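Thanks for coming, everyone. I have a few minutes on one structure, so let me put it on the screen and get going.

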Amino acid sequence: MGNRRRLATWLNGYYNYTVILTYAGMLIGLFGILNALNEHYDAALICLMLSGFCDMFDGAVAATKERDELEKKFGIQIDSLSDLICFGVFPAVFVCMICEGSRLSVFCGGVYVLCALIRLAYFNVTEEERQKDETGSRKYYQGLPVTAAALLLPAVYIIEGYMPSASMQGFCFVLFAMAIAFILPFRLSKPHLAGKLVLVVTGAVLFALLIMGLGAAL
């Protein structure tokens with residue numbers, strides 16, 4: 001505790017192992033955005049999925065350490081800010097690039113980032129209130145979690161690859177649909193063990209296909 005307090009006197013923030021995965025996910029997301037801007041789409045989506053992997057486990061890592069109230073609030077904020085970059089701005093940039101900056105992609109990208117921003121800010125407010133009365137993690141999502149982009153975009157990209165005649169504008173539809181789902185007030189139960197296994201297997205298959213595509217491109 002003393003070391004952390006002394007460190008905080010000359011650096012803003014809180015520094016311990018519980019934030020490492022969050023920071024790593026954000027940096028990977030930034031690298032993915034750069035790949036998308038350079039039209040390296042397979043590499044960009046690999047980064048998106050790796051960011052999703054980091055986000056999947058950062059909460060579990062944080063739960064292994066006893067934290068005070070300020071540390072918990074700091075964790076909530078940096079997690080959402082990282083999510084905005086990785087699963088808000090990143091997917092919008094990816095779709096705008098792959099659709100060659102079409103008006104529809106720019107419009108959908110703007111709506112998507114705005115809805116992601118609203119959802120994450122609302123989560124921060126409600127989560128701080130919830131933690132005043134409850135312990136442990138949430139049992140459900142309020143609306144579609146923004147991290148869904150880490151599976152949905154790679155899936156659409158791979159499907160499009162097997163359908164040469166398909167229009168790239170399908171990405172715009174998926175982006176817009178996710179945006180609306182972010183702010184709709186429906187409850188989505190968090191997956192239990194079986195659901196998590198399905199997500200992990202699906203992610204592993206998509207990740208392997210992207211790696212194969214990247215290898216073929218090289």
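Start with the lining of the second largest pocket. Two elements each supply at least two residues there: helix H5, residues 103–133, and strand E1, residues 140–142. One thing to keep in mind throughout: this is a predicted model.

Which element gives the largest share of that lining? Helix H5, with 3 residues. In total, 10 residues line the second largest pocket. Nearest its centre you will find Arg130, Glu134, Arg138, Lys139 and Tyr140. The space in the second largest pocket comes to about 180 Å³. By class, its lining has 2 nonpolar, 4 polar and 4 charged residues.

Now to the cavities. How many of 30 Å³ or more does the structure hold? There are 2.

Take the largest cavity. Its volume is about 60 Å³. The lining residues are Arg119, Tyr122, Phe123, Thr126, Arg138, Tyr140, Tyr141 and Gln142. You have met two of these names already: Arg138 and Tyr140 are among the residues nearest the centre of the second largest pocket, and both line the largest cavity. The elements come back too. H5 and E1 each supply at least two residues of the lining of this cavity. H5 gives the largest share, 4 residues. The classes here are 4 nonpolar, 2 polar and 2 charged.

On to the second largest cavity. About 50 Å³ of space lies in it. It is lined by 13 residues, and those closest to its centre are Gly25, Ser51, Asp55, Ser82 and Asp83. Which elements give two or more residues to this lining? Three helices: H2, residues 20–37, H3, residues 41–62, and H4, residues 69–98. H4 has the largest share, with 5 residues. The lining splits into 5 nonpolar, 4 polar and 4 charged residues.

Asp55 leads to another point. Take Tyr23, which sits in helix H2. In sequence, Tyr23 and Asp55 are 32 residues apart. In space, they are 9.8 Å apart, C-alpha to C-alpha. Is Tyr23 buried, exposed or partly exposed? Its relative accessibility is 31%, so Tyr23 counts as partly exposed.

Here is a second pair. Tyr14 lies in the loop between helix H1, residues 2–8, and H2. Its partner in this comparison is Glu71. The two are 57 residues apart in sequence, yet 6.7 Å apart in space, C-alpha to C-alpha. Tyr14 has a relative accessible area of 15%, so Tyr14 is buried. The cut-off for buried is under 20%.

Let's move to the surface. A nonpolar patch is found there. Its members are Leu104, Phe107, Leu114, Leu117, Ile118, Phe176, Ile180, Ile183, Leu184, Phe186 and Leu188. Together they have about 930 Å² of accessible area. Two elements give two or more residues to the patch: H5 and helix H7, residues 170–183. H5 gives the most, with 5 residues. So H5 turns up once more, after giving the largest share to the lining of the second largest pocket and to that of the largest cavity.

Pick one patch member, Ile180. Its place is in helix H7. Its relative accessible area is 32%, which means Ile180 is partly exposed.

Last stop: the backbone, and two loop residues. Most residues other than glycine have a negative phi. Where in the model do we find positive values?

One is Glu39. Phi there is positive, about 65°, although Glu39 is not a glycine. Glu39 sits in the loop between H2 and H3. Buried or exposed? At 53% relative accessibility, Glu39 counts as exposed.

Another is Glu100. Its phi is near 55°, again a positive value in a residue other than glycine. Look for Glu100 in the loop between H4 and H5. With a relative accessible area of 73%, Glu100 is exposed.

To wrap up, three places to look at on the screen. Go to H5 and E1 for the second largest pocket and the largest cavity. Go to H2, H3 and H4 for the second largest cavity. And go to H5 and H7 for the nonpolar patch. Thanks, and over to you.

Conventions. Residues are numbered from 1 along each chain as its sequence is written. This is a predicted model: local features need pLDDT of at least 70, side-chain atom pairs count only at pLDDT 80 or more; totals for chains, interfaces and linings use all residues. Side-chain values use heavy atoms; hydrogens and water are left out. On a 1 Å grid over the protein atoms alone, a cavity is a set of points where a 1.4 Å probe fits but cannot get out, and a pocket is an open set with protein on both sides within 12 Å along at least five of seven lines; lining residues have an atom within 4 Å of a point. Grid points are joined across faces, edges and corners, and a volume is the space filled by probe spheres set on the points. Ala, Val, Leu, Ile, Met, Phe, Trp, Tyr, Cys and Pro count as nonpolar, Asp, Glu, Lys and Arg as charged, and the others, Gly among them, as polar. Patches are made of residues with over 30% relative accessible area and no salt bridge: like charges are joined within 9 Å, nonpolar side chains (Val, Leu, Ile, Met, Phe, Trp, Tyr) within 5 Å. Accessible areas come from the Shrake-Rupley method with a 1.4 Å probe; for residues, only the protein chains shown count as cover. A salt bridge is a side-chain nitrogen of Lys or Arg within 4 Å of a carboxyl oxygen of Asp or Glu. Buried means under 20% relative accessible area, exposed over 50%, partly exposed in between (1.4 Å probe, protein chains only).
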